Amino acid sequence: MNILVTLNRGYLKYLKVMLFSLCENNPHNNFDVYVVHNSLTSEDFCELSFIRENLSVHSVSVPSEFLKDAPTTDRYPKEMYYRIFVSRLLPKTVDRVLYLDPDIVVINSVDKLYNVDLGDNLFAAASHLDENGIITAVNDIRLSVPMGTGYYNSGVMVMDLEKLRKELSEKDIFDFIRRHKSSLILPDQDVLNGVYGHRVKSLNPYIYNLSDRILTIHNVKNIQSEKKIFLDWIDKNTVIIHYCGRNKPWKEKYIGELDFYYKIYERLLEEKEAKTEGQKL
């Protein structure tokens, strides 16, 4: 399986926890992890390579001339394009990837997710918004897309790189940014939704992109219903937990109950690293 991550060095620790949880719960798979970055060192990559035996890590260096004509500002640096144009950065032999943000833990098998039938779509992703809600409608208007297009979280995506190499358009993306530069809130996520939102296969967020926010909203709406989601349901059904936004489990003021999962894999990784260090001594 091909996994894609993009990050700066400040998220290295959390990336390690994410990759450890992925390998821990998918021991039957071998993973090629492509790390797109501009700040990691060779020592950092050595740390990543020792996480598990079924993990191969590949550094993807971005050429300085890459997308030299892309519109950039302090708010929209060139790095925002890495995820969008990853089909041009990865080897052409890589035809599909599962993109994962570093602030994630994987608690079950990713087999069904990775092999999802995309049909004619370029991506598969989950929405964190009520599809019929006012916020979705506002995003459709803000990004000038047909009503009902939906707005997808780009922190977990299956990407068809073979199709993207043929269909991704620099002109369409740069034109969209120039037209909407004053209304972009989450730049790369907004661009992916604004240009390719109609080519996204919708995934179930409670299974493939669960956050404390959507869990809380769901349970408040269903407070007296059998549909309320408890941790035992999450243990059996959820594949990916995403600590998106500012509410991170490694922060003191974290609010929610899903930090429990992050702390499990953080502790297991620390124990493994301590054991490895002990063996070296």
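A salt bridge is a side-chain nitrogen of Lys or Arg within 4 Å of a carboxyl oxygen of Asp or Glu. Keep that rule at hand for this tour. The model is predicted, so local features need pLDDT of at least 70, side-chain atom pairs count only at pLDDT 80 or more, and totals for chains, interfaces and linings use all residues. Residues are numbered from 1 along each chain as its sequence is written, and side-chain values use heavy atoms, with hydrogens and water left out.

**Stop 1: salt bridges**

Side chains of opposite charge can pair when their charged atoms come close. A search of the whole structure finds 17 salt bridges.

Select K163 and D160. Their side chains meet in a salt bridge, 2.9 Å from N to O. D160 is buried, with a relative accessible area of 10%. Buried means under 20% relative accessible area, exposed means over 50%, and partly exposed is in between (1.4 Å probe, protein chains only).

Next, select R178 and D175. They form a salt bridge whose closest N and O atoms are 3.9 Å apart. Both sit in helix α8, residues 170-180, three residues apart, so about one helical turn separates them. Helices here are DSSP runs (H or I, at least four residues), as are strands (E, at least two), and both are numbered from the N terminus. R178 is partly exposed at 46%. D175 is partly exposed too, at 26%.

Why do such spacings suit a pairing of directions? An α-helix has 3.6 residues a turn, so residues three or four places apart point the same way.

Now select E271 and R267. This salt bridge is 3.3 Å, N to O. The two residues are four apart in helix α13, residues 259-280, and so about one helical turn separates them. E271 is partly exposed at 42% relative accessibility, and R267 is partly exposed at 43%. Then add K16, E47 and E273, which are joined into one network by salt bridges that share partners.

**Stop 2: K16 and helix α1**

Stay on K16. It lies in helix α1. Is K16 buried or exposed? K16 is buried, with a relative accessible area of 9%. Show its contacts, meaning heavy atoms within 4.5 Å. Leaving aside neighbours within four places in sequence, K16 touches E47, L48, I51, L269 and E273.

Now color all of α1, residues 12-24. The helix has 13 residues and reaches 18 Å from its first C-alpha to its last, close to the 18 Å expected at 1.5 Å a residue. That expected span is 1.5 Å times one less than the number of residues. α1 is mostly covered, with 11 of its 13 residues buried. Among them are L12, Y14, L15 and F20.

**Stop 3: helix α2**

Select residues 42-49, helix α2. Which of its residues are buried? They are D44, F45 and L48. Look down the axis: these buried residues fall within an arc of 95°, so they line one face of the helix. The arc is that of the directions from the helix axis to the C-beta atoms. Turn to the face away from the buried side, and you find the exposed residues S42 and E43. The buried residues of α2 pack against α1, β2 (31-37) and β3 (55-61).

**Stop 4: the cysteines**

A disulfide is a covalent bond between the sulfur atoms of two cysteines. The rule used here is a pair of cysteine sulfur atoms within 2.5 Å. How many disulfides does this rule give? The count is zero.

Select C23 and C46. The closest cysteine sulfur to that of C23 is in C46, 17 Å away, too far for a bond. C23 is buried, at 0% relative accessibility. Then pick C244, which is partly exposed at 24%.

**Stop 5: D190 and Y151**

Select D190 in helix α9, residues 187-196. D190 is buried, at 0% relative accessibility. Add Y151: a polar contact of 2.5 Å joins the two side chains. A polar contact is a pair of N or O atoms within 3.5 Å; within protein, one must be able to donate a hydrogen and the other to accept it, and residues adjacent in sequence count only if both atoms are side-chain atoms.

**Stop 6: L67**

Finish in the loop between β3 and α3 (81-84), where L67 is found. Most residues other than glycine have a negative phi. L67 is not a glycine, yet its phi is positive, at about 50°. L67 is buried, with a relative accessible area of 9%.
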